[in-house]
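Here is a quick tour of the model, starting at the ligand and working outwards. Keep the viewer open as you read.

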Amino acid sequence: MKGTMETRQIAVIAEHRNGVLTPGTLETLSFARELESLLNLKTNIVIAGKSIEGLTYDIAGMTGMDVIGIEGENLDLYNCESYLAALEKPLEELDPAYICTPHSAMGYDLAPRLAVRLKASCITAVEKIGKKGKSVLFSRSQWNGKIILEKEPVVKRAVLTVLSGSWPEPDGRPEKTGEVTIITIAAETKNSRTIEIREAVRTGFDLAKAEVIVSAGKGLGKEENLPLIYKLSELFPKSAVGASRAACDAGWLDYGHQIGITGKTVSPKLYVACGISGSTQHIAGMKGSQMVVAINTDPAAAIFSVADYCIVEDLATFIPCVIEKYHKLFSSHKESE
Ligand SMILES: Cc1cc2nc3c(=O)[nH]c(=O)nc-3n(C[C@H](O)[C@H](O)[C@H](O)COP(=O)(O)OP(=O)(O)OC[C@H]3O[C@@H](n4cnc5c(N)ncnc54)[C@H](O)[C@@H]3O)c2cc1C
C-alpha cells in the first residue's frame, strides 16, 4: 500500500450518512482531482464504518478511484477517538502527501488531531489551490471573509479540509472501476462513545420557495430586535426569515432558519442581510440570490463584496425608516385611488 516518491498519494477521507457519500465528500473528490492533475498524484478514498463493504464497492465503481474500506464495531457512528484509532495505521501505510476531508463538523473535528498523530501540517477550510514555482499554496479566508490567506504546508505531509461550495460535485461515470481493499480494525475507544445522531426538528416555513429572504445576523444585537426582521420581511409577499449561524447560536432563531454551508442554500429574487458580516460559510449559501441588499455598520464588512446595495447604517435605525416609508407610500397610494 505504501506510496513511493514517484507515485505520491492523495487520500480522501469520505464522510457518509445512511449509506450515501455526503455532498461535501463529492466536492472534496473534485478538489483531489485538481490537486492530482497539478502534481501528478493518485487519489485513494479511505472510508470507515461498521458494515461498509457494499458502499466501498459502489464508490470504487462510481469514482474509478481505489478505495480502502475500514470496518469496525465502533465505527458505526462518527466518533473522533474511534476514527483516529481506525485511520492512523492505514494512512501511515499509504503514506499520502495530502489527506483531504470535507470542512464539516466531522472534518474540522478530525483534521487537526489526525495532523498531530501523523506529524502533518493542517490547513482548514481550503477554498482554492494555487502554485507558485514548485510550491503548492492553499487559500482560505480569515476574519469572516475580510482577508484571504495563502498557506503552504511546511512538512512533507498535510491534512486539508475543503470548504463546501468551493468545488463542484464530479459528474459522469469513469470507464474503469477502482480497486477495493477491506481492512477490519477494532478501533477501541477509552474516553468517549457516540450514542446516536438526532436530526434537528424543522419548523414549517419554506426558505427554498421564498422569493424574498430577510436574514438576521449577530449584528441584530438582541432577541428583542427580532420583530424588526419579521416586520421587514412581512412587507414582501412570498417572503421568509433567514439567519446566520451566529444568530442561531445566540438562540434568537431556530437552526432551520440558518443559511450557509451547514444550513440551507437559497436563491431568492431578493436577499436582505441585516447585521451579517459575510463569512465564506454564509455567502456559500446565498450567493445564488438575484439581488442582495446588505445593512451593516462596518463599511469594510465582507458581505458588501457580494451586495448590489450596500447600506452602512445601524439596522435598528435603518429598518424602522424603511417600514415607515413603505407604509407612508402605501397609504398615500390608497388615498389617491
Ligand atoms: C464549519 C463551519 C460551518 C459554518 N457554517 C455556517 C453557516 O452555514 N452559516 C453561517 O451563517 N455561518 C456559518 N459558520 C459561521 C461563520 O464562520 C460566521 O461565524 C457566521 O456566519 C457569523 O455570523 P454573523 O455574520 O451573523 O456574525 P458576525 O460575524 O459577528 O457579524 C456581525 C456583523 O454585524 C454588524 N453589526 C453589528 N452591529 C450592527 C448594527 N447595529 N447594525 C448593522 N450591522 C451591525 C457587524 O459589523 C458585523 O459585520 C460556520 C463556521 C464553521 C467553522
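## Around the ligand

The ligand lies between domain 1 (9-184) and domain 2 (207-336), because both of them give residues to the shell around it. Bear in mind that this is a predicted model.

That shell holds 32 residues, and the ones that come nearest to the ligand are Gly-217, Gly-219, Ser-244, Ala-246 and Gly-260. Two or more shell residues come from each of α6 (245-249), α7 (280-286), β16 (291-296) and α8 (315-336). Sorted by character, the shell has 18 polar residues, 10 nonpolar and four charged.

## The whole protein

Stepping back, the protein has 17 strands and eight helices. Its C-alpha trace spans about 80 × 45 × 40 Å along the principal axes.

Of the 337 residues, 41% are buried. If you take the contacts between residues at least 6 apart in sequence, 66% of them join residues at least 24 apart.

## Two nonpolar cores

Nonpolar side chains tend to be buried together in soluble globular proteins. Here, the largest nonpolar core has 48 residues, and those touching the most other members are Val-12, Val-46, Leu-87, Ile-99, Cys-100 and Leu-160.

What does Val-12 touch, leaving out residues up to four places away in sequence? The list runs to Thr-28, Leu-29, Ala-32, Thr-43, Ile-45, Val-46, Cys-100 and Thr-101. Apart from the largest core lies another one, of 37 residues, including Leu-220, Ala-240, Ala-243 and Tyr-271.

## Helix α5 and its two faces

Now look at α5 (residues 226-234), where Leu-228, Ile-229, Leu-232 and Ser-233 are buried. These four cover an arc of only 130° around the axis, so they sit on the same side of α5.

And which exposed residues does the face turned away from that buried side carry? Those are Pro-227 and Tyr-230.

## Glu-73 in its loop

One last stop: Glu-73 is in the loop that runs between β5 (66-71) and α3 (80-94). Is Glu-73 buried or exposed? Glu-73 counts as exposed, because it has 12 C-beta neighbours inside 10 Å, and the cut-off for exposed is 12 or fewer.

Lys-50 is worth showing alongside Glu-73. The two are 23 residues apart in sequence, yet their C-alpha atoms are 5.5 Å apart in space.

Notes
Residues are numbered from 1 along each chain as its sequence is written. This is a predicted model: local features need pLDDT of at least 70, side-chain atom pairs count only at pLDDT 80 or more; totals for chains, interfaces and linings use all residues. A residue is near a molecule or strand if its C-beta atom, placed from the backbone, lies within 6 Å of it. Ala, Val, Leu, Ile, Met, Phe, Trp, Tyr, Cys and Pro count as nonpolar, Asp, Glu, Lys and Arg as charged, and the others, Gly among them, as polar. Domain bounds come from an automatic or database domain assignment. A nonpolar core is a set of buried Ala, Val, Leu, Ile, Met, Phe, Trp, Tyr and Cys residues joined through C-beta atoms within 7 Å. A residue is buried if 20 or more other C-beta atoms lie within 10 Å of its own, exposed if 12 or fewer, and partly exposed in between; C-beta atoms are placed from the backbone. Two residues are in contact if their C-beta atoms, placed from the backbone, lie within 7 Å. The arc is that of the directions from the helix axis to the C-beta atoms.
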